[in-house]
Amino acid sequence: MKFSQMQYTRPDLDGIKAQMASITEKLKKADSYEAAKEAFLASDNLERSVSTQSTLAQIRHSIDTRDEFYDGEVKFWNAAVPELQEYKDAFIAALLESRFKKELSEEFGEVTFLNAEIELKTFSPEIIPLLQQENDLTQEYEKLLASAQIPFMGKTYTISQISPFKNDADDEIRLNAWKAEGKWYKDNQKQLDEIYDKLVHLRDEMGKKLGYGGYTQLGYYRMTRNCYGKNDVEKFREAVRKYLVPVADGIYRKQAERLGKEYPMSFADNALMFRSGNPKPQGNADDILQAGKKFYDALSPETSEFFNMMLDNELLDCLSTEGKEGGGYCTSIYDYEVPFIFANFNGTSSDVETVTHEAGHAFADWYNRKRVPLDTIWPSMEGCEVHSMSMEFFAWRNAEDFFGSDTRKFLYSHLAGAITFIPYGTMVDHFQHIVYEKPEMTPAQRHGVWKELLKTYMPWMKLDGEIPFYSDGEGWQRQHHIYSSPFYYIDYCLAQTVALEFWAKIQDSLEDAWKYYIAYTEQGGSEVFTKLLENAGLDSPFDENTLRSVCEKANSWLEAYDLTGIE
């Protein structure tokens with residue numbers, strides 16, 4: 001079914017609560033495994049149905065945040081989801097106490113029960129008002145960014161639309177674009193500070209009400225950290241500082257030489273990989289999607305079927321338009337057993353990366369669409385990001401279809417970007433740990449923390465005040481995840497490490513690398529992250545040797561890459 005034909009109906013909230021309560025009672029009273037299984041499946045089907053309606057509202061609101069109807073529906077779900085959580089937790093408690101737990105676990109997987117135990121630790125009815133406020137504040141942040149109107153060179157642009165100018169080969173245009181964007185954030189900084197300050201205190205209060213003394217542990221539970229903890233992340237951060245930062249620093253030093261700039265460079269100059277300009281995809285949005293079709297048609301029969309289904313059913317919304325929410329994401333519409341990709345094409349290489357990255361998520365979702373229960377379709381977030389970040393590297397085989405004469409630029413930039421991203425992403429995580437350890441900090445103090453972390457993780461950034469928003473340590477306010485999904489961002493870094501493993505395998509044999517990819521992907525969310533890797537024959541990013549090895553291989557490739565003729 002085409003996306004435009006999918007019907008949205010606001011459900012009867014009291015009716016859903018009654019159904020959930022009824023299913024819970026049936027599970028409690030089950031006198032046979034078949035009766036317990038029937039209640040288990042009924043709960044799963046109801047969750048799919050509720051999720052489908054919520055997701056349809058969210059997607060359509062993302063496409064046009066000015067749409068009053070869907071704005072109202074998102075507000076409805078912001079309040080409804082926390083209320084429903086109380087009923088969901090009652091079912092989970094009954095599930096964990098069921099005398100048929102062992103049989104259910106054997107049929108549907110132990111990870112379901114492990115994750116259920118974690119989910120119970122994230123909720124209490126007393127935090128429902130806090131969860132509702134959190135949802136409203138996140139929506140307020142998203143609407144603020146979507147409303148941005150940035151004057152530049154005689155025209156007005158959204159945040160997404162001005163992005164290409166921030167990569168322009170002309171130094172003056174590029175710098176002025178960074179300044180114009182930064183000025184918009186500066187002009188709205190009071191509201192940005194207020195929203196985040198409220199979010200931090202709300203989350204801190206949630207953690208205290210649930211007995212954790214603060215938000216960090218609760219944040220880990222909300223991210224379903226089921227096989228590693230804070231100490232593991234701290235060790236990973238240490239390895240990033242030890243192995244990745246020096247290599248990334250070397251990449252930027254060579255970039256400064258190519259550009260004829262003094263090191264360290266400004267934020268605007270660091271954004272330009274080559275003096276002749278960054279790689280750009282050839283053609284328009286339709287051309288990119290057709291190149292994507294060619295790639296997926298050739299990669300495997302499964303990816304061909306998947307991507308053609310996405311195109312035929314209007315399941316990609318890629319153009320950047322007025323009122324559209326920024327960024328990109330992939331989500332599931334469970335009742336229709338399809339994913340949906342939301343993006344903002346802006347004429348940069350990120351358009352291609354979106355088609356490959358978000359489609360990596362979408363392919364994994366589609367490949368596992370028949371899995372039961374619902375929560376085994378996707379693994380935890382870092383596991384999901386392996387699907388997407390690795391798929392970007394598989395697309396190298398068709399790089400020329402996407403980039404034409406800029407192919408060599410792209411290959412170098414993409415791998416260099418994968419390396420230099422990890423320090424940034426790790427810094428985002430480190431920043432959030434400090435913020436939630438010290439929730440009493442003022443907005444100015446938070447900006448100060450970010451500025452100090454920049455010196456550790458991104459020493460190639462010149463903090464000279466040329467672009468005040470960034471050089472004053474306020475650039476973190478552009479990072480949506482910091483507001484909406486605390487502690488998410490380290491997932492990208494862990495996944496990027498695994499994706500670099502795939503990159504190394506692809507260099508030896510794309511066919512063999514794809515077998516590893518399918519071995520990983522076909523497991524869905526049936527195991528914890530580290531077990532998924534082990535089962536697929538992949539190394540763990542928590543092993544320091546893994547990070548060191550992939551870093552050395554990628555750096556050697558970059559060092560040897562022939563940039564002759566590219567200015």
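Reader: What makes β3 and β5 a pair, and in which sense do they run, parallel or antiparallel?

Author: Happy to start there, and please keep in mind that this is a predicted model. Two strands count as paired if at least two bridges are found between them. Strand β3 (residues 316-319) and β5 are joined over three bridges, in the parallel sense, so they meet that cut-off. One contact to look for is L319, whose bridge partner in β5 is F345.

Reader: How do you know that β4 pairs with β5?

Author: By setting the bridges against the cut-off again. Strand β4 (residues 329-333) shares five bridges with β5, in the antiparallel sense, and pairing asks for at least two. Here I333 stands opposite V338 in β5. The two strands form a hairpin with four residues between them, where E337 takes a positive phi near 55°.

Reader: Why is β5 called mostly covered?

Author: A residue is buried when its relative accessible area is under 20%. In β5 (residues 338-345), eight of its eight residues are buried. V338, F340, F342 and N344 point one way, P339, I341, A343 and F345 point the other way, and all are buried.

Reader: What makes the space lined by R48, S332 and others a cavity?

Author: The term cavity is used because a 1.4 Å probe fits inside but cannot get out. The structure holds one cavity of 30 Å³ or more, and about 40 Å³ of space lies in the largest cavity. Its lining consists of R48, S332, I333, Y334, E337, V338, D365, R369 and I377. By class, four of these are nonpolar, one is polar and four are charged. Some names are familiar from the hairpin: I333 and V338 stand opposite each other, and E337 has the positive phi.

Reader: And how does a pocket differ; what is the volume of the second largest pocket?

Author: A pocket is an open set of points, whereas from a cavity the probe cannot get out. The second largest pocket has a volume of about 160 Å³. It is lined by 13 residues, and the closest to its centre are K261, S266, D269, K462 and E466. The lining has seven charged, five nonpolar and one polar residues. Helices α8 (171-187) and α12 (267-270) each supply at least two lining residues, and α8 gives the most, with three.

Reader: How do you know that the bond between Y263 and P264 is cis?

Author: Look at omega, which is about -5° for this bond. P264 sits in the loop between α11 (230-259) and α12. Another cis bond runs from V372 to P373, with omega near 5°, and P373 belongs to the loop between α15 (350-367) and α16 (381-394). They are worth a look because most peptide bonds are trans.

Reader: Why is E314 called partly exposed?

Author: E314 has a relative accessible area of 34%. Buried means under 20% and exposed means over 50%, so a value in between is partly exposed. E314 is in the loop between α14 (301-312) and β3, and has a positive phi of about 60° although it is not a glycine.

Reader: What makes F487 buried?

Author: F487 has 0% relative accessibility, and the cut-off for buried is under 20%, so F487 counts as buried. F487 lies in the loop between α21 (480-484) and α22 (490-508). Phi of F487 is positive too, near 75°. Such values catch the eye because most residues other than glycine have a negative phi.

Definitions and conventions. Residues are numbered from 1 along each chain as its sequence is written. This is a predicted model: local features need pLDDT of at least 70, side-chain atom pairs count only at pLDDT 80 or more; totals for chains, interfaces and linings use all residues. Side-chain values use heavy atoms; hydrogens and water are left out. On a 1 Å grid over the protein atoms alone, a cavity is a set of points where a 1.4 Å probe fits but cannot get out, and a pocket is an open set with protein on both sides within 12 Å along at least five of seven lines; lining residues have an atom within 4 Å of a point. Grid points are joined across faces, edges and corners, and a volume is the space filled by probe spheres set on the points. Ala, Val, Leu, Ile, Met, Phe, Trp, Tyr, Cys and Pro count as nonpolar, Asp, Glu, Lys and Arg as charged, and the others, Gly among them, as polar. Buried means under 20% relative accessible area, exposed over 50%, partly exposed in between (1.4 Å probe, protein chains only).
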